[in-house]
Amino acid sequence: MKSFKRGILFAVLTIGSVALTGCGGQSLAETPASSGAAAAGAFKNEAPSGDLAASYIAAVGIDPELSARVPAAIKSEGLKIAAAEGYPPMEMFDADGKTMVGVDMSLARAMGNLLGVEAKISNSDVSGMMPGVVSGRFDVLMSGFNDTAERREKVSFVDYAKSSGSIMVAKGNPQGVKSPADLCGETMAVLDNGYYMQLAEQFSKDCEAKDEKPIKILGFANDPEALLQVQNGRAAAGLNDYPVAVFRAKESSGALEAIEIPGNSLFGIAIDPKNEELVKLVQDTMNKLIENGTYTEILGAWGLDQMALPAATINQGK
């Protein structure tokens, strides 16, 4: 999601949202508790049946040093995580239609087990996630959320995965789109109030700067609705994170194709910048998952090995 500097791809704790988010969201329903008490009273998060990384999550035990740093409120109430369903394979519902699974959810549950606390995942409206983190309603926002300079005016990010963008086109790519430059004068359908709306607007400005026709941009409340416009011919293209685009293309039974736009963007876990101790704790916890191999096992289980970073960083998004 960028000049094209859009990043895409993946995840580990939780996050919040400004008017630019790379994920779809609907109801404000909380995922049922994962359950279980572990040794010394530590909480053990159990992955649901639809979590492809369930066995790796189950193998994660509490880290005494990290657990000792968990704020009292999180120890007693759990780590409150904002996420938005409708962005597979990052965030989606399990077969029961209410429990959330996906790359970010797997990382969040593994993180919770390392800290010995419940990962309390809430399916949230996209526009309310980031304000929810700033207000304290959520501890973190973890939802395929890109670390951008504009968002860093409100939150801090623990960057945990690489992200790249993708142009979504109809089967056979009838308009011959190869890059954003080929979209001048065309119609695009994108998630409204999301990162891709901002990106599409920048693409349109780039067209006008070259004395070409601007892009007509159609905004929609969720990702599937936007992609439907591409399938029915109302729009020439859509925008998405590459791993999500690949998933959507497979799901469409060949009706859609994904064209990767390489970038150097980063997915980050959004946290209130005033909560510096939590920012550092989340970074250290993610790095522990990276060091012990759980991180790469989880990404591999979801087929997203290419998203892996050597270390979690803070506020390094472009």
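Modeller: A polar contact is a pair of N or O atoms within 3.5 Å; inside protein, one atom must be able to donate a hydrogen and the other to accept it, and residues adjacent in sequence count only if both atoms are side-chain atoms. This model is predicted, with local features needing pLDDT of at least 70 and side-chain atom pairs pLDDT 80 or more, while totals for chains, interfaces and linings use all residues. Residues are numbered from 1 along each chain as its sequence is written, and side-chain values use heavy atoms, leaving out hydrogens and water.

Colleague: Thanks! What does the side chain of D272 reach?

Modeller: The backbone nitrogen of K274, at 3.0 Å; the cut-off is 3.5 Å, so the pair can be called a polar contact.

Colleague: Why is D272 called buried?

Modeller: Buried means under 20% relative accessible area, exposed over 50%, and partly exposed in between (1.4 Å probe, protein chains only). D272 has 13%, so the residue counts as buried.

Colleague: And what makes D284 and R69 a salt bridge?

Modeller: The term needs a side-chain nitrogen of Lys or Arg within 4 Å of a carboxyl oxygen of Asp or Glu. Here the closest N and O atoms are 2.9 Å apart, so the pair qualifies. D284 lies in helix α9 and R69 in the loop between α2 and α3, so the bridge ties together parts 215 residues apart in sequence. Helices are DSSP runs (H or I, at least four residues), as are strands (E, at least two), numbered from the N terminus.

Colleague: How do you know that R69 is partly exposed?

Modeller: Its relative accessible area is 37%, which falls between 20% and 50%.
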